[in-house]
Amino acid sequence: MNIGNTIRKLRINASKTQQEIADFLNVDRRTYAKWEEGITDVKSSLIPKIAEIFNVKISDLYNERKEIERKKNLDKNIIILVTDNDIVEKILNLVNDTSKK
């Protein structure tokens with residue numbers, strides 16, 4: 001099964017060049033380009049590393065789904081840890097109020 005189209009979409013969504021991904025994988029850019037084009041298959045030993053680079057499950061590499069496109073904004077997410085229960089309650093109320101509009 002070819003994953004070329006999927007890794008091309010993931011790479012573009014991540015705003016990376018073929019050279020950058022090839023460097024991460026320690027392969028020649030032409031080799032990586034052939035994977036995207038479906039000319040050759042990705043080495044199975046590199047599949048987990050590719051999934052890690054793009055922050056997806058290995059199974060996602062084999063499924064062209066819209067969910068993959070949505071993951072392009074992962075770098076814009078933030079996590080805030082709040083330990084004060086009063087503040088947590090206020091945040092939840094604010095979120096609930098905003099979602100009702």
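A residue is called buried here when its relative accessible area is under 20%, exposed when that area is over 50%, and partly exposed in between. In the predicted model described in this passage, E36 is buried, and so is R11, two residues that reappear below as partners in a salt bridge.

The overall architecture is helical, since the chain contains seven helices and zero strands, and from the N terminus on its elements run α-α-α-α-α-α-α. Of the 101 residues in the chain, buried residues make up 25%. The accessible surface of the chain comes to about 7700 Å², and carbon and sulfur atoms account for 50% of that surface. When the contacts with a separation of 6 or more are considered, 51% of them are accounted for by residues 24 or more positions apart.

The interior may be considered next. In soluble globular proteins, nonpolar side chains tend to be buried together. In this model the largest nonpolar core has 17 residues, and the members that touch the most other members are I7, Y32, W35, V42, I50, F54 and L61. Helices α1, α2 (18-25), α3 and α4 each supply at least two residues of this core, and α4 gives the most, with four residues. The surroundings of V42 illustrate how parts of the chain come together, for, leaving aside the neighbours within four places in sequence, V42 is in contact with I3, I7, W35, I47 and I50.

Two of the core residues named above, Y32 and W35, also draw attention as aromatic residues. A pair of aromatic rings is described by the distance of the centres and the angle of the planes. The count in this model comes to one aromatic pair. The ring centres of Y32 and W35 lie 5.9 Å apart and the planes of the two rings meet at 65 degrees, so the pair is edge-to-face, given that planes over 60 degrees apart are assigned to that class. Both residues belong to helix α3 (residues 29-37), where, being three residues apart, Y32 and W35 are separated by about one helical turn. Y32 is buried, with a relative accessible area of 0%, and W35 likewise counts as buried, at 2% relative accessibility.

Charged side chains form a further part of the picture. Side chains of opposite charge can pair when their charged atoms come close. The model has four salt bridges by count. In one of them the side chains of R8 and E36 meet, with a distance of 3.7 Å from N to O, and this pair links distant parts of the chain, as R8 lies in helix α1 (residues 4-13) and E36 in helix α3, 28 residues apart. R8 is partly exposed, with a relative accessible area of 27%, whereas E36, at 3% relative accessibility, counts as buried. The side chains of E36 and R11 meet in another salt bridge, at 2.5 Å from N to O, and here too distant parts of the chain are linked, with E36 in helix α3 and R11 in helix α1, 25 residues apart. Taken together, R8, R11 and E36 are linked in a network of salt bridges.

The residue Q18, which lies in helix α2, is in contact with both R11 and E36 of this network, and also with R29, Y32 and A33, when the neighbours of Q18 within four places in sequence are left aside. Q18 is itself buried, with a relative accessible area of 18%, a value that falls under the 20% cut-off.

A salt bridge within a single helix is formed by K49 and E52, whose closest N and O atoms are 3.9 Å apart. Both residues lie in helix α4 (residues 47-54), three residues apart, or about one turn of the helix. K49 counts as partly exposed, at 34% relative accessibility, while E52 is exposed, with a relative accessible area of 55%.

Nonpolar side chains also appear at the surface, where I87, I91 and V95 make a nonpolar patch of about 240 Å². Of these residues, I91 is found in helix α7 (residues 85-100), and I91 counts as partly exposed, at 39% relative accessibility.

Conventions:
Residues numbered from 1 in each chain as written. Predicted model: local features only at pLDDT ≥ 70, side-chain atom pairs only at ≥ 80, totals over all residues. Heavy atoms only, no water. Phe/Tyr/Trp six-rings, centres within 6.5 Å; stacked < 30°, edge-to-face > 60°. Buried < 20%, exposed > 50% of the residue type's maximum accessible area, 1.4 Å probe, protein only. Core = buried A, V, L, I, M, F, W, Y, C linked by side-chain atoms within 4.5 Å. Contact = heavy atoms within 4.5 Å. Patch = residues over 30% accessible without salt bridge, like charges linked within 9 Å, V, L, I, M, F, W, Y side chains within 5 Å. Areas by Shrake-Rupley, 256 points an atom, 1.4 Å probe, with all protein chains shown as cover.
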